[in-house]
Amino acid sequence: MDHVPGDSAPHVARPAPDALPDVAPRLRELRRRRGLTLEAAARRAGLSPAHLSRLETGHRQPSLPMLLALARIYGTTVSELLGEVPPERDPVVRGGRSEPVEADGWIYRQAGGAGRALQCLRVHVPYATREDIVRVHPGEEWIHVLEGRVRLALGEAVHVLDPGDSAHFDSLTPHRIGAATRAGAELLFVHTLMQSPAAELCLGDGTPHRR
């Protein structure tokens, strides 16, 4: 039970031998980084200032509900509060490790890391036909033509892109992408993964399969 100011013999709980490492200073650092006083942070977390002070000095260990409340207030995660470091993502994507995948005639290779807000691909685009599906979905898209020519329909406008040309557009605009050359075209394709399943990649209704 917390000591109430004015009690004659406050009980000070010492950290247990298996106490969570560095939680106390991290709690204090995050609170200060957010510009919150001890009183303001304690009020938002439903704690007394005295209790939060003990957590920040290591005299008390936080329960999971307390960690959840404090993480929400400080704009972080429980993992960060506990000092857990996520595994470092490899920033380099080797071309030889990218297995080609086909979906509705589009052949693509991953050109970016997994679990990112952007999906980055190198794509072979087939020759455009009238049956090509018009796409509309949340997010943005960026394409850059490497080889061949690309026909990009955006709303009522049609653009033909040559090697070296790029286009960046809001993908809520109805759009259709296809090669303007019979042999197809190669392009870099980047889009945001807001509401698009990673497996579909906004490239077609067919099921992607390995080549």
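**Exercise 1. Which residues form a nonpolar patch on the surface, and how much accessible area do they have together?**

Before solving, some ground rules. This is a predicted model, where local features need pLDDT of at least 70 and side-chain atom pairs count only at pLDDT 80 or more, while totals for chains, interfaces and linings use all residues. Residues are numbered from 1 along each chain as its sequence is written, and side-chain values use heavy atoms, with hydrogens and water left out.

Step 1: get the rule straight. Patch residues have over 30% relative accessible area and no salt bridge, with nonpolar side chains (Val, Leu, Ile, Met, Phe, Trp, Tyr) joined within 5 Å and like charges within 9 Å. A salt bridge is a side-chain nitrogen of Lys or Arg within 4 Å of a carboxyl oxygen of Asp or Glu. Areas are Shrake-Rupley values with a 1.4 Å probe, and for residues only the protein chains shown count as cover.

Step 2: the patch is Val134, Val136 and Leu172, with about 270 Å² of accessible area together.

Step 3: place Leu172. You'll find Leu172 in the loop between strand E7 (166–170) and strand E8 (175–179); strands (E, at least two residues) and helices (H or I, at least four) are DSSP runs numbered from the N terminus. Leu172 has 52% relative accessibility, so it counts as exposed (exposed is over 50%, buried under 20%, partly exposed in between; 1.4 Å probe, protein chains only).

**Exercise 2. Describe the aromatic pair and the strand around Phe189.**

Step 1: count. There is 1 aromatic pair, using rings of Phe, Tyr and Trp (its six-membered ring) with centres within 6.5 Å; planes under 30 degrees apart are stacked, over 60 edge-to-face, the rest tilted.

Step 2: classify. Trp106 and Phe189 have ring centres 6.3 Å apart and planes at 80 degrees, so call this pair edge-to-face.

Step 3: locate. Trp106 sits in strand E2 (residues 106–110) and Phe189 in strand E9 (residues 185–192), so the pair ties together parts 83 residues apart in sequence. Both residues are buried.

Step 4: look around E9. Of its 8 residues, 7 are buried. E9 pairs antiparallel with strand E3 (residues 118–125) over 8 bridges (pairing takes at least two DSSP bridges), and Leu121 stands opposite Phe189. Strand E4 (residues 140–147) also runs antiparallel to E9, joined by 6 bridges; here Glu147 has Glu186 as its bridge partner.
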